[in-house]
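Got your viewer open and a cursor ready? Let's take a walk through this model, one selection at a time.

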Amino acid sequence: GSIDIYHKHTTNLLGFVPQNAFTGYASVYGNAGTINNKGVEITLNSVNIRNDNFSWSSQLNFAFNKGKVVSLNSEYPIVFANTVIKGASEQYYQPQTLGLITGYQPFSLFAYKYAGLDAVGDPQIHLSNGTITKSPGIAKMEDLVNMGSTNPLVTGGFNNLFQYRQFSLGFNMVFNLGFVLRRDVNEFYTGRIIGNSFITGNIHAEFENRWKKSNDELITNIPAFDPSADRASRTDLNYYAAADINVVKGDYIKMRDITFSYQLPNSILKDLKIKNLSLRAQLNNVMLWRANKYGIDPEFYNGIGNSSAMYVTGLRSVPVNQKTITLGAHLTF
């Protein structure tokens with residue numbers, strides 16, 4: 001096998017650098033800053049058993065990487081978020097997706113520190129000064145909580161191949177560990193149910209468990225549905241959608257494929273007057289374990305944020321090629 005250990009210091013990091021809006025460009029592709037990366041990569045190959053009729057071999061690939069943004073060529077953090085300027089130097093944040101922030105891992109995910117609902121079902125957050133608020137436009141960078149990176153710290157795979165005479169059975173497993181996702185939540189808290197441009201299909205099942213009456217704030221964290229026009233002036237509904245309680249671990253282990261094959265012996269091949277014939281059956285992409293309890297497959301999920309929606313929430317896509325069975329044959333004349 002092999003072990004590689006590295007410490008890479010990258011200057012003039014290429015990325016999108018925010019520009020003054022009066023230039024006509026929100027950002028340009030240029031030198032974004034400096035970043036450090038430390039990590040280790042391990043590859044191990046083993047033959048565990050080998051005799052005349054049977055063999056078992058394994059391969060393990062393991063990679064660990066942790067980065068840190070050292071400096072940025074920008075006055076503000078390079079973030080992909082709903083950032084609102086409140087004056088010459090003051091700004092507040094809706095932490096939709098965050099990119100590069102000095103002192104943190106690349107693509108760190110930040111969230112509001114949730115303080116539950118108030119007596120009318122509005123979401124509240126904790127501020128760094130120890131107070132609780134539901135007023136919109138209050139949170140600053142120091143009021144957000146770093147939940148970790150959306151990039152896995154650990155990636156790898158573990159393969160095993162068993163062979164017995166003309167039969168072989170292979171297992172190919174992959175894993176991604178040490179990263180976080182912002183889960184998809186109910187996005188409907190105000191306005192009309194019919195005709196709302198941000199609803200495409202069914203309303204999230206979480207809507208059923210929303211705040212409905214006095215004292216429900218003791219049993220649920222999901223804001224009330226309130227059609228009144230002054231809802232937005234009272235609170236920011238992203239205080240719930242982008243809360244720390246809705247950030248979950250993205251870790252998972254998946255069986256990428258299980259392959260069973262059979263190769264016809266030479267005695268039969270001679271009778272059939274062919275050079276080679278092998279038959280194969282393969283089962284693909286079976287989830288073995290995931291850290292989240294919401295049925296999210298991180299391979300088919302934007303767990304940073306949905307920029308097309310009003311509220312900060314994850315976005316699922318349709319899983320493809322999952323738990324599929326493939327049959328095949330290889331014939332050589």
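Select Lys323 to begin: you'll find this residue in the loop between strand 17 (315–316) and strand 18 (324–332). Bear in mind as you click around that this is a predicted model. Lys323 has a phi near 55 degrees, a positive value in a residue other than glycine. Is Lys323 buried or exposed? With 61% relative accessibility, Lys323 counts as exposed.

Now jump to Asn215, in the loop between strand 12 (180–182) and helix 1 (231–234). Asn215 isn't a glycine either, yet its phi is positive, about 80 degrees. Its relative accessible area is 48%, so Asn215 counts as partly exposed.

**Zoom out for a moment**

Show the whole protein chain as a cartoon. How many helices and strands are there in the protein chain? You should be able to pick out three helices and 18 strands. The chain has 333 residues, and 39% of them count as buried. Turn on the surface and you're looking at about 18,600 Å² exposed by the protein chain, 56% of it supplied by carbon and sulfur atoms. As for contacts with a separation of 6 or more, 65% are between residues 24 or more positions apart.

**A patch on the outside**

Keep the surface on and select Leu14, Phe16 and Tyr29. Together these residues form a nonpolar patch on the surface, with about 370 Å² of accessible area. Phe16 sits in strand 1 (residues 2–18), and at 47% relative accessibility it counts as partly exposed.

**Strands side by side**

Back to the cartoon. Select strand 10 (residues 154–164) and strand 11 (residues 167–177), an antiparallel pair with eleven bridges. Which residue of strand 11 stands opposite Phe162? It's Leu169. Follow the chain from strand 10 to strand 11 and you'll trace a hairpin with two residues between the strands. Arg165 is in that turn, with a positive phi of about 55 degrees.

Add strand 14 (residues 252–263) to your selection. Strand 14 pairs with strand 11 over ten bridges, again in the antiparallel sense. To see one of the matches, pick Phe167, whose bridge partner in strand 14 is Tyr262.

Next, look for an open sheet of four strands, in the order 8-7-6-9, with antiparallel pairing. Strand 8 (132–133) and strand 9 (144–149) are at the edges, and each has a single partner strand, so one side of each has no neighbour in the sheet. Strand 6 and strand 9 run antiparallel and are joined by four bridges. Try highlighting Phe110, which stands opposite Asn146 in strand 9.

**Into the core**

Hide the surface and show side chains. The largest nonpolar core has twelve residues, including Tyr114, Leu117, Trp211, Leu237 and Tyr311. Strand 6 (108–117) and helix 2 (238–241) each contribute at least two residues to this core. A second core lies apart from it, with eleven residues, among them Ile101, Phe110, Ala139 and Tyr239.

Stop at Tyr240, which belongs to the twelve-residue core. Apart from neighbours within four places in sequence, the contacts of Tyr240 include Tyr114, Val185, Tyr189 and Ile222. Arg183 and Glu206 are also among the residues that Tyr240 contacts, and they lead to the next stop.

**Charged pairs**

Searching the whole structure turns up 13 salt bridges. In one of them, the side chains of Arg183 and Glu206 meet at 2.6 Å, N to O. Both lie in the loop between strand 12 and helix 1, so the pair ties together parts that are 23 residues apart in sequence. Arg183 and Glu206 are both buried.

Now select Lys254 and Glu299, another salt bridge, with the closest N and O atoms 2.7 Å apart. This pair links distant parts of the chain: Lys254 is in strand 14, while Glu299 is in the loop between strand 15 (276–290) and strand 16 (301–302), 45 residues apart. Lys254 counts as buried at 0% relative accessibility, whereas Glu299, at 31%, counts as partly exposed.

For the last stop, select Asp118, Asp122, Lys134, Asp226, Asp230, Arg231 and Arg234, which are joined into one network by salt bridges that share partners. Within this group, the side chains of Asp226 and Arg234 meet at 3.1 Å, N to O. Asp226 has a relative accessible area of 18%, so it counts as buried.

Conventions
Residues are numbered from 1 along each chain as its sequence is written. This is a predicted model: local features need pLDDT of at least 70, side-chain atom pairs count only at pLDDT 80 or more; totals for chains, interfaces and linings use all residues. Side-chain values use heavy atoms; hydrogens and water are left out. A nonpolar core is a set of buried Ala, Val, Leu, Ile, Met, Phe, Trp, Tyr and Cys residues joined through side-chain atoms within 4.5 Å. Buried means under 20% relative accessible area, exposed over 50%, partly exposed in between (1.4 Å probe, protein chains only). Contact means heavy atoms within 4.5 Å. Two strands pair if DSSP finds at least two bridges between them. Accessible areas come from the Shrake-Rupley method with a 1.4 Å probe; for residues, only the protein chains shown count as cover. Patches are made of residues with over 30% relative accessible area and no salt bridge: like charges are joined within 9 Å, nonpolar side chains (Val, Leu, Ile, Met, Phe, Trp, Tyr) within 5 Å. A salt bridge is a side-chain nitrogen of Lys or Arg within 4 Å of a carboxyl oxygen of Asp or Glu.
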